[in-house]
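Please examine the structure shown below. A short report on selected local features follows.

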Amino acid sequence: ERERIHEFSDQLETAIESAHAGEFDGDEFGEGVCTLYMYGPDADALFTAVDPLLKGSPLAKGAKGVKRYGEASDPAAREETVQY
């Protein structure tokens, strides 16, 4: 499964780079969950770049995405959750 997720991550990275929407920053596996990290200056532009891939992948079924409007380190940044 990790190999499939890494292949999918490569697709996400390409989509983000092609849209000049930010960067794919890696993944983290633990307790049966994989977290994918993506960062960019505009949360909406970043999600526009990756949303079609996430919607179309069985790997993302039941997953959630978190749009953060602000710095990752800012606990007051507004967040919006997207379910897949």
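## Strand pairing and hairpin

In this predicted model, Gly-26 has Tyr-37 of strand S2 as its bridge partner. The pairing between strand S1 (residues 23-30) and strand S2 (residues 33-39) is antiparallel and comprises seven bridges.

Two residues separate S1 from S2 in the hairpin that these strands form. Within the turn, Glu-31 adopts a positive phi of about 55°.

## Helix H2: start, span and bend

Helix H2 covers residues 43-56. At its start, the backbone nitrogen of Asp-44 lies within 2.9 Å of a side-chain oxygen of Asp-42.

With 14 residues at 1.5 Å a residue, H2 should span 20 Å, and the end C-alpha atoms are 20 Å apart, so the expected and modelled values agree. The helix nevertheless bends by about 45° at Val-50, with a proline, Pro-52, following within four residues.

## Packing of H2

Val-50, the site of the bend, is one of the buried residues of H2. The others are Ala-43, Leu-46, Phe-47, Ala-49, Asp-51 and Leu-54. The partners against which the buried residues of H2 pack are helix H1 (2-18), S2, strand S3 (64-69) and strand S4 (78-83). Strand S2 thus appears both in the hairpin with S1 and among the packing partners of H2.

## The loop after H2

The loop between H2 and S3 contains Ser-57. Because its relative accessible area is 10%, under the 20% cut-off, Ser-57 is classed as buried. The side chain of Ser-57 reaches the backbone nitrogen of Leu-59 at 3.0 Å.

Conventions
Residues are numbered from 1 along each chain as its sequence is written. This is a predicted model: local features need pLDDT of at least 70, side-chain atom pairs count only at pLDDT 80 or more; totals for chains, interfaces and linings use all residues. Side-chain values use heavy atoms; hydrogens and water are left out. Two strands pair if DSSP finds at least two bridges between them. The expected span of a helix is 1.5 Å times one less than its number of residues. The bend at a residue is the angle between axes fitted to the seven residues ending there and the seven starting there. Buried means under 20% relative accessible area, exposed over 50%, partly exposed in between (1.4 Å probe, protein chains only). Contact means heavy atoms within 4.5 Å. A polar contact is a pair of N or O atoms within 3.5 Å; within protein, one must be able to donate a hydrogen and the other to accept it, and residues adjacent in sequence count only if both atoms are side-chain atoms.
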